[in-house]
Amino acid sequence: MSNNVAFTSRIVPINSLDFNKITSRISKNNFSDYPWTLNEAVVGRDVFTSRICDCTCVVLSDGQKASLLHLNPAQKANHIMTDMIKFVTKNFDINSKDLTAVVVGSKNTKPSQGVYNNWINFLTSYNIPLTILKNGKTPTSVAYRTDTDEVLISNLTISNALQNKMSRKEALSSAFEHIFIANSDEI
């Protein structure tokens with residue numbers, strides 16, 4: 001993966017109350033909502049979604065703007081990568097050294113793995129620095145804020161861990177079965 005990144009994203013596990021406070025200041029137009037297809041993907045300076053379970057959530061940022069795709073594996077259209085790639089190339093320079101990604105979600109079912117693997121293969125084929133938070137133990141909410149270059153991650157497991165005085169890193173580790181943090185990112 002490329003190490004020529006102009007900025008470092010911060011992965012910030014936070015409790016649900018703080019997540020809701022922060023996202024209440026983000027326009028609802030930048031919320032990716034049900035039925036979680038490409039049609040509900042959002043692009044803006046700040047973007048967010050909630051209730052990621054077996055879906056795959058992809059956050060892309062070039063430091064100037066971000067996109068968030070919350071993709072339900074039960075929707076057949078979400079398995080068509082040509083449409084997803086068109087969306088990405090319409091909104092970003094796919095070869096930019098500033099482009100980074102965070103992938104959250106997925107479960108160990110064939111449909112869920114199909115969407116997830118398509119995205120992992122696509123992002124790695126372009127050497128886009130990638131952080132992965134896979135198989136969340138409870139429904140997860142994600143927000144990205146361009147001004148602070150932060151990916152906010154929240155779910156019940158993280159909230160409980162933070163309430164029990166666990167570190168942010170421990171809270172994140174307790175909430176997902178598989179975690180890979182890109183060299184360009186930090187917790």
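Begin by selecting Val 58 and Val 103 in this predicted model: Val 103 belongs to β7 and is the bridge partner of Val 58. Widening the selection to the two strands concerned shows that β5 and β7 run antiparallel and are joined by 6 bridges. While β7 is still highlighted, colour by accessibility, and the strand turns out to be mostly covered, with 6 of its 6 residues buried.

Next, select Val 102 together with Thr 131, its bridge partner in β8. Between β7 and β8 the pairing is parallel and extends over 5 bridges. Following the backbone from β7, one passes through α3 before arriving at β8, and this β-α-β crossover is right-handed.

Now zoom out to the whole sheet, which is open, has mixed pairing and consists of 6 strands in the order β3-β6-β5-β7-β8-β11. At its edges are β3 (42-44) and β11 (176-180), each of which pairs on one side only. From one strand to the next, the twist averages 10°. Adding α2 to the view shows a helix packed on the sheet, where it touches β3, β5 and β6, with its direction at about 165° to that of β6.

Return to the helix of the crossover by selecting residues 110-125, which make up α3. Its 16 residues should span 22 Å at 1.5 Å a residue, and because the C-alpha atoms at its ends are 22 Å apart, the model agrees with that expectation. The helix lies across β5, β6, β7 and β8, and runs at about 170° to β8.

Which residues of α3 are buried? They are Ser 112, Gln 113, Val 115, Tyr 116, Trp 119, Ile 120, Phe 122 and Leu 123. When reading such a list, it helps to recall that an α-helix has 3.6 residues a turn, so residues three or four places apart point the same way. Showing the side chains of the buried residues of α3 along with their surroundings, one finds them packed against β5 (56-61), β6 (66-71), α2 (81-91), β7 (100-105) and β8 (130-136). Just beyond the helix, select Asn 127, which takes a positive phi of about 55°.

For the last stop, move to Pro 139, in the loop between β8 and β9 (140-145). Its relative accessibility is 46%, which means that Pro 139 counts as partly exposed. Beyond its neighbours within four places in sequence, Pro 139 is in contact with Arg 51, Ile 52, Cys 53, Ser 154 and Asn 155. A distance label drawn from the C-alpha atom of Pro 139 to that of Asp 54 should read 8.8 Å, although the two residues are 85 residues apart along the chain.

Note on methods
Residues are numbered from 1 along each chain as its sequence is written. This is a predicted model: local features need pLDDT of at least 70, side-chain atom pairs count only at pLDDT 80 or more; totals for chains, interfaces and linings use all residues. Side-chain values use heavy atoms; hydrogens and water are left out. Helices (H or I, at least four residues) and strands (E, at least two) are DSSP runs, numbered from the N terminus. The expected span of a helix is 1.5 Å times one less than its number of residues. Buried means under 20% relative accessible area, exposed over 50%, partly exposed in between (1.4 Å probe, protein chains only). Contact means heavy atoms within 4.5 Å. Two strands pair if DSSP finds at least two bridges between them. A crossover is right-handed if, with the strands pointing away from the viewer, the path from the first strand over the helix to the second runs clockwise. Axes are lines fitted to C-alpha atoms, for helices over the stretch in contact, and angles run from 0 to 180 degrees between N-to-C directions.
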